[in-house]
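Got the viewer open? Let's take a walk through this one together, selecting a bit at a time.

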Amino acid sequence: MSKVRVRFAPSPTGGLHLGGVRTALFNYLFAKKHGGDFIVRIEDTDQARFVEGAEQYIFDCLQWCGIEPDESPVKGGPHAPYRQSERKESYRKYAEELVNNGFAYYAFDTKEELEKMREENKTALNPSPQYDHTVRKKMKNSLTLTDAEVKDLLTKNTAHVIRIKMPENELISFTDMIRGEISFETSLVDDKVLLKADGMPTYHLAVVADDHAMEITHAFRGEEWLPSAPVHLMLWKYLGWEKEMPEWAHLPLILGPNGKLSKRDGAKYGFPVFAMNWTDPKTNELTAGFKEKGFLPEAFINLLAVLGWNDGTAQELYSMNELIANFSMERIHVAGAKFDYEKAKWFNHEWIKKLNVESLRFNVKALLQADGIKILDEPLLDNVIELVKDRCTLLPDFVQHAGFFFKTPEVLDIEAVKPKWNGEKVKFFEEYCLLLEGIGNWELAEIEHNFNTLVAVKNIKPGELLLPLRIMLVGGKFGPAAFQIAAWIGMDETIKRIKNGMAQF
RNA sequence: GCCGCGUUGGUCAAGGGGUUAAGACGCCUCCCUUUCACGGAGGAAUCACGGGUUCGAAUCCCGUACGUGGUACCA
């Protein structure tokens, strides 16, 4: 087998949803597993839907995920250019070659004529008639027109497309790496447009031409492409490249809570659907991304990888390298998988627990600073991260669980204390403050010891006092051991927070 | 409508003729923890339906239902 070369071919129409990233990931994993190349090329032939900025966004997302292309429009490579719009000329050549060999034809039908055809052939049983072998004999194309007429129309630059001429009665089949043998009746497939009136290719011509030009050995894409596979198969054959045709695999769909996952599901159900935030420049509509929501890229690719794939063991947590080592196309599921945000969060939680302080520090610090917290004591930050990471599911959770180590809580959960607050407790804390001030060596054991001694003297249940102390120190009913917090924030700050709390209760 | 692809707990899933039908998320109970988590122990919950084939079917075959994708000069 020649060197493995796979490609991810997104179209820059805005946003990179879960399915898109997973397709890129699976392509990447397969390439790396086999020591091959991962190529990213841009399908930007649909000018009507092209969205400014989307291409850069795609690269940003891939980079965040750690999916680095070996060849791309940005990086270049031996098969440049990697933008379809820059390869325009070659497509026309192939399309005309197909016409000359009788595998395709010029079609001059106007939009109105096509609509008319569809309208006339439309029945209750067949709501969307195709431009296929049953109607092509009645349309305005190089099959029905004389050579002279065709030549005349062409020289006058009459708007036209080139359509593939699907065989009338053939059974065409191929082996999908995931699904096994799949076959289609060619008579049921329509004469797809290959070259549009603006000279740009459709996806059908472009994938085949580009996969061939870029020497792609394995073509993996979403399941939504399965129905057009026969067109691509015929093209490989008609262009005389049958022997070089890549192996195919059609990846299962990722579904939302109700049917296929749409970007609106995010807003509707409260979870991100894109890798990174995407603001549509046309509508200004923002679709939330996993990155901004506080997901780690490690967790994101992990959860995506096991959505529709597993290695047959009970393992669920994989690093990128482990994924590469264990990945296999054959173990991808055939059925679509419903995306479960709860499980997605679990993956992130696991990865936060798994990652060391060095890997977390940058993100946590940025989050705290964004919240107006100044980090003056870096070693303390590291200790705090280690101490609280078990209770953080999403990165922003660190603001709640680490913030109070650096900043006096602004709002206290007064209601949790007030009902049982009394003079006895006030007295206790006043005396406790005095004791704290006398501690020469400010450390956990001393702080706790003084507390326990005083509690015993006053004959109050420790729990009655521990909760108020906690609220004073952190603001709410959460966080690590209260005395640990006191030890780290220092004597002055501890006493300050106790007094501040007493004033509010 | 037609064509393609699917269907194991609520979700992700292992298993592919004989299993008490793994495991994970979520949910519930308990333990640990003078908070919240982490951790630990347990629990409820599944082979879409109907026919075959077979001594035996979640597993193989055929139907049906349901889901999903396609049916564009979008990808």
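Before the first selection, one term: a residue counts as near a molecule or strand if its C-beta atom, placed from the backbone, lies within 6 Å of it. Keep in mind, too, that this is a predicted model.

**Stop 1: the RNA side**

Show RNA strand B and pick out what surrounds it. There are 59 residues around the strand, and those that come nearest are Gly 259, Lys 260, Ala 335, Pro 462 and Gly 463. Now colour the elements that give two or more residues to this surface: α4 (111–121), β6 (180–185), β13 (337–338), α12 (341–354) and α18 (462–474). Which of them gives the largest share of the surface near RNA strand B? That is α18, with 4 residues.

**Stop 2: the whole chain**

Zoom out and look at chain A as a cartoon. You should find 20 helices and 13 strands. Turn the C-alpha trace along its principal axes and the span is about 110 × 50 × 35 Å. For 505 residues, a compact globule would have a radius of gyration near 23 Å, while chain A comes to 32 Å. Buried residues account for 36% of the chain. Of the contacts between residues at least 6 apart in sequence, 74% join residues at least 24 apart.

**Stop 3: two cores**

In soluble globular proteins, nonpolar side chains tend to be buried together. To see this chain's largest nonpolar core, select Val 21, Leu 25, Cys 61, Phe 300 and Leu 304, which have the most contacts inside that 93-residue core. Next, add helix α1 (residues 18–33), which supplies the largest share of the core, 9 residues. Then click on Cys 61. Leaving aside residues up to four places away in sequence, Cys 61 touches Leu 16, Val 21, Ala 275 and Met 276.

A second core sits separately, with 27 residues, including Val 99, Tyr 105, Val 150 and Val 189.

**Stop 4: Val 150**

Stay with that second core and centre on Val 150, which lies in helix α5 (residues 147–155). Is Val 150 buried or exposed? It is buried, because 20 other C-beta atoms lie within 10 Å, and 20 is the number at which a residue starts to count as buried. Leaving out residues up to four places away in sequence, Val 150 touches Tyr 106, Ser 142 and Leu 145. For a sense of scale, try a distance label to Pro 10: the two C-alpha atoms are separated by 36 Å, with these positions 140 residues apart along the chain.

**Stop 5: a three-stranded sheet**

Select β3, β4 and β7, which make an open antiparallel sheet in the order β3-β4-β7. β3 (104–107) and β7 (193–195) stand at the edges with a single partner strand each, so one side of each has no neighbour in the sheet. From one strand to the next, the twist averages 40°. Zoom in on β4 (residues 161–164), which pairs with β7 over 2 bridges. There, Arg 163 stands opposite Val 193 in β7.

**Stop 6: helix α6**

Last, select helix α6 (residues 203–213). Its buried residues are Leu 205, Ala 206, Val 207, Val 208, Ala 209, Asp 210 and Asp 211. What covers them? Show α3 (88–100), β7, β8 (218–222) and α7 (229–238), which are among the covering elements. After α6 comes Glu 215, where phi is positive, near 55°.

Notes. Residues numbered from 1 in each chain as written. Chains lettered and ligands numbered in written order. Predicted model: local features only at pLDDT ≥ 70, side-chain atom pairs only at ≥ 80, totals over all residues. Rg over C-alpha atoms; globule rule 2.2 N^0.38 Å. Buried ≥ 20, exposed ≤ 12 C-beta atoms within 10 Å, placed from the backbone. Contact = placed C-beta atoms within 7 Å. Core = buried A, V, L, I, M, F, W, Y, C linked by C-beta atoms within 7 Å. Pairing = 2+ DSSP bridges. Axes fitted to C-alpha atoms, helices over the stretch in contact; angles between N-to-C directions.
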